[in-house]
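Hi,

Here is the structure I promised to pass on to you. Have a look at it first, and my notes follow just below.

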Amino acid sequence: MDKVCNTFQVSVENVTPSLPCTNECTLLESLESHKLEVHSHCREGFCGACRTKLISGTVDYVTDPLAYIDDDEILPCCCIPTSNLVIKPG
Ligand code: FES
């Protein structure tokens with residue numbers, strides 16, 4: 001079944017207001033497509049380098065995150081937005 005393509009507004013706290021990000025690629029790829037630099041390394045949820053605070057909103061993981069994250073943190077390299085987000089890179 002085809003996945004519904006949605007676009008959400010993602011703001012990076014103290015850096016940028018809303019940027020459109022689709023659920024067709026990972027949050028990390030979306031942020032990079034807007035020329036935002038997010039620290040990353042493995043890009044597969046192992047290393048935790050991209051760990052980011054989720055201030056508000058919800059995400060879904062396309063692959064299970066293996067790196068340790070707190071309840072209020074996400075790994076942009078392996079998640080997609082499922083609502084508008086406010087995030088704060090660590
Ligand atoms: S880049 Fe390694 S966990 Fe995201």
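Val12 has Thr16 as its bridge partner in E2. This is a predicted model, so please read everything here in that light. On the other side, Val12 has a bridge partner in E7 as well, namely Ile87. Val10 also faces E7, where it stands opposite Leu85.

Those bridges belong to two pairings of E1. With E2, the strand E1 pairs in the antiparallel sense, over six bridges. With E7 (residues 85-89), strand E1 (residues 7-12) pairs in the parallel sense, and that pairing has three bridges. As a reminder, strands of a sheet pair through backbone hydrogen bonds, in either a parallel or an antiparallel way.

E1 and E2 form a hairpin with three residues between the strands. One detail to look at there is Asn14, which takes a positive phi near 65°.

What about the two faces of E1, covered and uncovered? Phe8, Val10 and Val12 make up the covered face, while Thr7, Gln9 and Ser11 are on the uncovered one. Val10 and Val12, the residues with partners in E7, are thus both on the covered face.

Zooming out to the sheet, what is the order of its strands? The order is E2-E1-E7-E3-E5, in an open sheet of five strands with mixed pairing. Strand E2 (16-22) and strand E5 (73-74) stand at the edges; each has a single partner strand, so one side of each is left without a neighbour in the sheet.

For the chain as a whole, there are seven strands and one helix. Read from the N terminus, the elements come as β-β-α-β-β-β-β-β. The radius of gyration is 12 Å, close to the 12 Å that the globule rule gives for 90 residues, so the protein chain is as compact as a globular protein of that length. Along the principal axes, the C-alpha atoms fill a box of roughly 35 × 30 × 25 Å.

Two more numbers may be handy for your own checks. Of the 90 residues in the protein chain, 29% are buried. Among the contacts between residues at least 6 apart in sequence, 49% join residues at least 24 apart.

Happy to go through any of this with you.

Best wishes

Key: Residues are numbered from 1 along each chain as its sequence is written. This is a predicted model: local features need pLDDT of at least 70, side-chain atom pairs count only at pLDDT 80 or more; totals for chains, interfaces and linings use all residues. Two strands pair if DSSP finds at least two bridges between them. Helices (H or I, at least four residues) and strands (E, at least two) are DSSP runs, numbered from the N terminus. The radius of gyration is taken over C-alpha atoms; the globule rule is 2.2 Å times the number of residues to the power 0.38. A residue is buried if 20 or more other C-beta atoms lie within 10 Å of its own, exposed if 12 or fewer, and partly exposed in between; C-beta atoms are placed from the backbone. Two residues are in contact if their C-beta atoms, placed from the backbone, lie within 7 Å.
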